[in-house]
Amino acid sequence: MSLEGKLMEISKALAANMPMAMQGIGVFLPIVAAYDRARDSFGIYFFDGAGARFENGSYACAGSGSERIRGVFEFLQRQHPPFEKRPFDDVLLDGLHMLDIAGELGWATGGSS
């Protein structure tokens, strides 16, 4: 199955789960990092609860802390070179800091320890 087909299946599954999510049962919002052979490019794909798909080449975030942490991503992108051009250890450290911040600020996480 093509990457496009796989991404469409994820969107359909999320859309089909919407009634359960609206009842408070929960929803899982995946982030997919994949190489598309047909386009010869790498992409990071993320979804909303209704199944809408978005693409970004550098980062993605999902979950209850995502709207807050997205601002940190934007700040880092403006202050430093793109993530893919920075040393791995620096990007990893930034990622761990952002996970901690998102955990503290996300309403569903209840803080991190």
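Which residues are linked in a network of salt bridges? In this predicted model, the network joins Asp 36, Arg 39 and Glu 55, and the close-up views below take up its parts before turning to other places in the structure.

**View 1. Asp 36, Arg 39 and Glu 55 form a network of salt bridges.** One link of the network is the salt bridge in which the side chains of Asp 36 and Arg 39 meet, at 3.5 Å from N to O. The two partners can be set side by side by their accessibility: Asp 36 counts as buried, with a relative accessibility of 13%, whereas Arg 39 counts as partly exposed, with a value of 45%. Side chains of opposite charge can pair when their charged atoms come close.

**View 2. Arg 39 also meets the side chain of Glu 55 in a salt bridge.** Here the distance from N to O is 3.0 Å. Because Glu 55 belongs to strand β3 (residues 53–56) while Arg 39 sits in the loop between β1 (31–36) and β2 (41–47), this pair ties together parts that are 16 residues apart in sequence. Glu 55 has a relative accessible area of 41% and is therefore partly exposed, since this class lies between the 20% limit for buried and the 50% limit for exposed.

**View 3. Lys 12 and Glu 9 are joined by a salt bridge between their side chains.** The distance given for this pair is 3.0 Å, taken from N to O. Both residues are in helix α1 (residues 3–22), where they are three residues apart and so are separated by about one helical turn. Lys 12 is partly exposed, with a relative accessible area of 49%, and Glu 9 is likewise partly exposed, at 39% relative accessibility. A search of the whole structure finds five salt bridges, and the one between Lys 12 and Glu 9 is among them.

**View 4. Phe 88, Leu 92, Leu 96 and Leu 99 make a nonpolar surface patch.** The last view leaves the charged pairs and turns to a patch of about 460 Å², made by these four residues. One of them, Phe 88, is found in helix α3, which covers residues 88–105. Phe 88 counts as exposed because its relative accessibility is 63%, and the class of exposed residues begins over 50%.

Methods
Residues are numbered from 1 along each chain as its sequence is written. This is a predicted model: local features need pLDDT of at least 70, side-chain atom pairs count only at pLDDT 80 or more; totals for chains, interfaces and linings use all residues. Side-chain values use heavy atoms; hydrogens and water are left out. Helices (H or I, at least four residues) and strands (E, at least two) are DSSP runs, numbered from the N terminus. Buried means under 20% relative accessible area, exposed over 50%, partly exposed in between (1.4 Å probe, protein chains only). Patches are made of residues with over 30% relative accessible area and no salt bridge: like charges are joined within 9 Å, nonpolar side chains (Val, Leu, Ile, Met, Phe, Trp, Tyr) within 5 Å. Accessible areas come from the Shrake-Rupley method with a 1.4 Å probe; for residues, only the protein chains shown count as cover.
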